[in-house]
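Reader: I would like a close look at one part of this model. Please take the backbone outliers in the loops, then move on to the buried acid and the internal void.

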Amino acid sequence: MNKPQFYSYTLLLLLIGGCATTATVSELGDLEEAAITPDSLTSLMPDYREELQTLSGRGRALVSEPGNSDRVTVEFQSNRSKSLLTIRTSIGVEGGQILIEPDSLLIYNKVDKIAQKISPEQSSMSSVGSIASLNMLDLFNFTIEPEDIDKIFEDGNRYFVLLSNQVVLEIDRSSGHVIKVDRSQSDPPIPYRTIEYEGYAEINRFQLPRKITIFSRDGNSRATFLVQQLDVNGKLPPLSVELPEEISIQRP
């Protein structure tokens with residue numbers, strides 16, 4: 001696994017694609033404004049920030065970018081402060097690890113023996129920054145506060161929610177599940193453009209997606225993550241990347 005390949009593998013962890021209806025900020029004015037209040041809308045949306053404290057699992061990821069398409073296995077462990085991702089090739093060889101913390105991303109390419117620590121917003125590392133933008137618990141259970149909401153529109157069986165930072169959410173009206181997070185109109189730098197969620201299923205009373213697609217900042221690359229195994233609120237080991245002594249951390 002070379003360095004470009006490893007970076008492309010990290011992209012697919014954040015991206016999940018689908019065919020959901022879309023509405024950009026400029027198109028929201030054509031929709032009917034909803035009667036539901038911000039408090040009622042956020043009450044409808046599943047919020048597991050108190051009950052769900054750890055998440056671990058494994059899945060198959062497909063990354064698609066100009067001139068390249070790859071499949072890998074991703075193992076992940078996450079608590080409320082950190083997420084650790086381990087990337088394996090199709091034959092089970094470990095290619096590297098990614099440690100996501102609130103203000104940094106540590107990437108270890110085990111094959112090329114390179115370790116880098118960057119900010120999630122670093123524009124020069126767009127595909128890596130996209131995956132590091134969210135803790136895995138926050139990725140699987142995207143939540144907002146009532147005061148984040150600017151306006152709410154409705155169309156058929158969906159709410160379209162415009163947030164104060166110009167992010168547009170698509171919410172299923174019956175379940176409250178987030179279908180899409182669109183940051184295409186947000187002020188730069190943005191670590192990802194769009195996240196799409198599909199296949200919600202109940203796991204120990206938690207409704208969580210089984211398929212997530214994240215589109216890169218420029219919209220030209222996407223990563224689709226299909227969950228194969230998911231465990232909630234289990235005991236996790238310390239989340240850290242064990243680097244060999246001879247490898248120093250680079251800071252671009």
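Author: Helices and strands here are DSSP runs, numbered from the N terminus, and a strand (E) has at least two residues. The model is predicted.

Start with Arg205. This residue sits in the loop between strand E13 (201-203) and strand E14 (206-208). Its phi is positive, about 80°, although Arg205 is not a glycine. Arg205 is exposed, with a relative accessible area of 67%.

Gln166 also has a positive phi, near 75°, and is likewise a residue other than glycine. Its loop runs between strand E9 (158-163) and strand E10 (168-172). Gln166 is partly exposed, at a relative accessible area of 31%.

Now the buried acid. Asp182 belongs to strand E11, residues 178-182. Asp182 is buried, yet has no salt bridge. The nearest side chain of opposite charge is Lys180, 4.9 Å away. A salt bridge needs a side-chain nitrogen of Lys or Arg within 4 Å of a carboxyl oxygen, so Lys180 does not qualify. Asp182 does have a polar partner: its side chain makes a polar contact of 2.7 Å with the side chain of Ser184.

Last, the void. The structure holds 1 cavity of 30 Å³ or more. The volume of the largest cavity is about 80 Å³. It is lined by 13 residues, and Phe140, Asn141, Phe142, Val178 and Tyr200 are the closest to its centre. Val178 is also in the residue range of strand E11, 178-182. By class, the lining counts 9 nonpolar and 4 polar residues. No charged residue lines the largest cavity.

Definitions and conventions:
Residues are numbered from 1 along each chain as its sequence is written. This is a predicted model: local features need pLDDT of at least 70, side-chain atom pairs count only at pLDDT 80 or more; totals for chains, interfaces and linings use all residues. Side-chain values use heavy atoms; hydrogens and water are left out. On a 1 Å grid over the protein atoms alone, a cavity is a set of points where a 1.4 Å probe fits but cannot get out, and a pocket is an open set with protein on both sides within 12 Å along at least five of seven lines; lining residues have an atom within 4 Å of a point. Grid points are joined across faces, edges and corners, and a volume is the space filled by probe spheres set on the points. Ala, Val, Leu, Ile, Met, Phe, Trp, Tyr, Cys and Pro count as nonpolar, Asp, Glu, Lys and Arg as charged, and the others, Gly among them, as polar. Helices (H or I, at least four residues) and strands (E, at least two) are DSSP runs, numbered from the N terminus. Buried means under 20% relative accessible area, exposed over 50%, partly exposed in between (1.4 Å probe, protein chains only). Lys and Arg count as positive and Asp and Glu as negative; His and the chain ends are not counted. A polar contact is a pair of N or O atoms within 3.5 Å; within protein, one must be able to donate a hydrogen and the other to accept it, and residues adjacent in sequence count only if both atoms are side-chain atoms.
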